[in-house]
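This report is written for a reader who meets the structure for the first time. It concerns internal cavities, a ligand and the domains around them.

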Amino acid sequence: MPELLSPIDDKLHFKRLVVIGLGLIGSSFAKGLKQQHIFDEIVGVDLNEKSCKTAIELGIVDWCTQDLAKACEGASIIQLAVPILALETLLHELAELKLQQVIITDVGSAKASLIDAAKSAFGMVPSYFVPGHPIAGSEQHGVESVNPELFKHHKVILTPNEHTDKTALSVVTKLWQLLDADVESMDPEYHDFVLAATSHLPHLLSYALVDSLAKRDENLDVFRYAAGGFRDFTRIAASDPQMWHDIFLANRNAVLQQLDVFRHDLDSLREAVINQDGHYMLGVFTRAQMAREHFSKILAQRAYVDSMQNNDLVFIATPGGSVNGTVRVPGDKSISHRSIMLGAIAEGTTQIEGFLEGEDALATIQAFRDMGVVIEGPQQGKVTVHGVGLTGLKPAPGAIYLGNSGTSMRLLAGLLAAQPFDTVLTGDASLSKRPMNRVAKPLREMGAVIETGPEGRPPLTIRGNHLLTAMHYEMPMASAQVKSCLLLAGLYASGVTSVAEPAPTRDHTERMLRGFGYPVEVQGNIAKVESGHKLKATHIDVPGDISSAAFFMVAASIAPEASEVVLEHVGINPTRTGIIDILKLMGADISLENIHEVGGEMVADIRVRSASLTGINIPAELVPLAIDEFPVIFIAAACAQGKTVLTGAEELRVKESDRIQVMADGLAQMGIQVQPTVDGIIIEGGTMGGAEIWAQGDHRIAMSFAVASLRATQPIKIHEAQHVATSFPGFVQLCQMVGMNVKEELV
Ligand code: S3P
C-alpha cells in the first residue's frame, strides 16, 4: 500500500503519480491532478519522445521517461492510460517489477478482458489494482488536446471486486472526485455490456456509415450536400482509429451481442420501408425522439424521474407578496392519465389538447409506448395516440416504471389484469410505500393473478392469460383510483362489473369511457360496465387542473396585500369542487365565470379575491371531493381566525406522503398550534414564522408551503421540491408571475 502522508479524509498527499500513456485521457488526468498539488511529483511514461517533450512543455508532468522501471520505482499510484490492447503486455511488465506499496488503476474502455489480463500477469487480480473507466473521451486525441477539466461532471466507472483493497478503492475514487468526476461502481461484465451499447456500437455505426458513403462513386456529391444530420451522426468517426480497433477487439463479445440486436431492429425498419408501414416507422421515431430527450433516465431504466432522484431542488419562499393577474394552470392530471389509457385501447387515432406535461402523466405515456402504442408528442400540450384496440397491447420489454404516479399504477393494474402477457409495475421510493392491496384484492376476486411486494406495496407483478369474471364490489374506501381500476378490468371481464362507492369520488373514468363511446351505467353510488363493447377514438380537450388551481385560490385568499387572480379554463367537475366549497365556507371570495362544457367536463374561469378567513369544521361529505387539496387547505386554516377541524380523512396518510403528519410537522415548526389525529387534523389559526421543510417525495407538500410564505414572517426553505414536476411544471414561474416571492435553487 502507498505510504499515505496524511489521512484520506483530510487532504491527500502522495509522493509520486506515474501516468503511463500520455494521450488525451492520460495527460488530462495528470494535468488535472497537477493542479491539485497532492503529488510531490508526476511522472509520465510514453514511448513517443515527442509526446514526452510536449507533456513537459505543457506542464502536464514533471518529467517523462520511456524507462518503466525507473518511473515506477517508489511510485504511490500508477495510472495505466495506454491503448487497451497494450495493457496486457504492460501488466506483465509491471508484475515483473514486483512493486511494493503501490496502487494501480487504469482507464480502459473494456473491463472483463483487462481483468483476465491482470490475472494472467499477476496470477490473480492484485488487491491494489482498481480497474476504472472515465466516460469522457472525445474525438480529439493526443497530448496536445490535454484538458484538465475533461472529467468534470462526467461519470467514472470503477469495477472493483470483493478482494479490492478498501484504501486503494477510496484513494482512486478520491482522485477522480478531485477532478470533479461522478464516480460509480459496476460489475465488469455489466460495464462491458452497457458500454458496448452506448459507446462502442455508435462508433462502429459512425465509422461504417462514413466509410460506406466515402467509397462510393458519387461520394463527392454525398459530401458536398452533407448537412447537419450527416455531420452530427458522424462526428465520432473522427476518433482515433487505432484506439477503436483495440476496443472492438477487447470487447468483442459484448459488441457482437449489441450488434446482433441492432441488426434485427434495422431489418425490421427496412421491412417497414418496403411495406410502406408508416405506423411502424412512427412508432420507432416517436419512441426514439423521447428516448433521446430522456436517454440518461432510460439508460438507468427509469421513466423521467432521474433528476428527481439525484438532485435536491430547493424552493426559497420569502414573506409577503401579492397574487394578481390572469393565469392558466397546467392540464388536469386525472384526465391526462385517462386520455392516454383510453386512447391507447380505443380504435382509431385520439387527439388530445391541453395534456399535462408533468412527470406522472409522462410516465403513463411511457408505459403505453413500452406496450407498443404509438404516441406522438406531447408538444405544447398536444398528444396523438394511435389506439391499438382493447386487445392490441403488447408485452413491455421490461418492468414498467411509473415514477411517483399512484394513479398510473392503480389504473394500469386493472387494465392489465386480463391481458395475455405478464407485466411488472414499479415506482420510485414514495410510490413503493403506497398500498396496492386495495386494487390487488378485488382484482384477485375477479380472477386476476397479482403479486405485490411485502405488505401489499409495489412492485406489482400481474400474471397474464387469466380470464376475469365480472363482480359487484362495495369499496371499503372512497377511492376513484380503485373504482377506475375495477371499471377498466370490467372492460375485459365476462359479465357486468359494478362498483359501489361509500361517498362520491371523481368520475372522470365514467365520463371519459362514455366519451369514447363505451356504455357506462351510473345509478346512485354504483357505476357499471359490461364487456363486449369497443372504444372509439375521440378528441379530448383537457381542462386546467383544479388541484393545481387550488394553490392560487388559497394564495389569493390569504395574500397580505389586496389580491385578485383569475384562473382560466379550470375543470369544475362536481366531484372535484370540494376546495371551492370549503374555502367559501371559510369566508373566501370566489366566483365562477364563463361556465361552459368542454367534451363532457364543466369548465370555468375562477376569480379569487383576498378575504379574511375563519376556521370551520370541514363537512365530511366534502372530504373525497377535496382529497388532493388538503395540504393547501391546511395553510388556509393556519391563516384563518379560530379553529379548523378535519375528520374522516385517513386517506391523507397514504398519499404521496403521510400528508397529515408532514403538514402538521411543518406547521408546528412555523409556530402554528396543530394537532394531528388518526383521520384528520385540528389547526388553530395564528402567526406563521419561517421553516425548513422536507417535502418527503410529495409535490403538494412543497407547493403548499410555498403558498404559506405569503403570510409567513420569515423565509421558508423547502427541500425536495423537484417532485413538483410530477403535477405542476412551471409552478415557480407562475408564482413569480402573480407576484409571489418564490424562487428555486438546485443543490
Ligand atoms: C385520482 C384519485 C384520487 C386522487 C389522485 C388522483 C384519480 O385518489 O387523490 O391524486 O385520478 O383517480 P384516490 O382515488 O385513491 O382517493
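The text below treats the domains, then the cavities, then the surroundings of the ligand.

**Domains**

The model is predicted. Its chain is assigned to domain 1 (3-186), domain 2 (194-272), domain 3 (310-329 + 543-746) and domain 4 (333-541). Domain 3 is thus given as two segments, 310-329 and 543-746. Between the C-alpha centres of domain 1 and domain 3 there is a distance of 54 Å.

**The largest cavity**

Two cavities of 30 Å³ or more are present in the structure. The largest cavity has a volume of about 340 Å³, and 28 residues line it. Nearest to the centre of this cavity lie Gln-481, Arg-506, Ile-627, Asp-628 and Lys-655. Helix H15 (333-345), helix H17 (406-416) and helix H19 (480-490) are the elements that contribute two or more residues each to this lining.

Which domains supply at least three residues each to the lining of the largest cavity? They are domain 3 (310-329 + 543-746) and domain 4 (333-541). By residue class, the lining of the largest cavity comprises 14 charged, nine polar and five nonpolar residues.

**The second largest cavity**

The second largest cavity holds about 40 Å³ of space. Its lining consists of Asp-332, His-508, Ile-546, Gly-571, Ile-572, Asn-573, Arg-576 and Glu-601. Three of these lining residues are charged, three are polar and two are nonpolar.

**The ligand**

The residues around the ligand are Ser-334, Arg-338, Thr-407, Ser-479, Ala-480, Gln-481, Arg-506, Ile-627, Asp-628 and Lys-655. Among them, Gln-481, Arg-506, Ile-627, Asp-628 and Lys-655 are also the residues named as nearest the centre of the largest cavity.

The table gives distances between polar side-chain atoms and oxygen atoms of the ligand.

| Residue | Partner | Distance |
|---|---|---|
| Ser-479 (side-chain N or O atom) | ligand oxygen atom | 3.1 Å |
| Asp-628 (polar side-chain atom) | ligand oxygen atom | 2.5 Å |
| Lys-655 (polar side-chain atom) | ligand oxygen atom | 2.6 Å |

How much of the ligand does the protein bury? The ligand taken alone exposes 380 Å², and the protein buries 96% of that area.

In summary, Asp-628 and Lys-655 are among the residues nearest the centre of the largest cavity, and a polar side-chain atom lies 2.5 Å from a ligand oxygen atom in the case of Asp-628 and 2.6 Å from one in the case of Lys-655.

Technical notes:
Residues numbered from 1 in each chain as written. Predicted model: local features only at pLDDT ≥ 70, side-chain atom pairs only at ≥ 80, totals over all residues. Heavy atoms only, no water. 1 Å grid on protein atoms, 1.4 Å probe; cavity = no way out; pocket = protein on both sides within 12 Å on 5 of 7 lines; lining within 4 Å. Points joined across faces, edges and corners; volume = space filled by probe spheres on them. Helix = DSSP H or I, 4+ residues; strand = E, 2+ residues; numbered from the N terminus. Nonpolar A, V, L, I, M, F, W, Y, C, P; charged D, E, K, R; others polar. Domains from an automatic or database assignment. Near = heavy atom within 4 Å. Polar contact = N/O pair within 3.5 Å; in protein donor to acceptor, adjacent residues only side chain to side chain. Areas by Shrake-Rupley, 256 points an atom, 1.4 Å probe, with all protein chains shown as cover.
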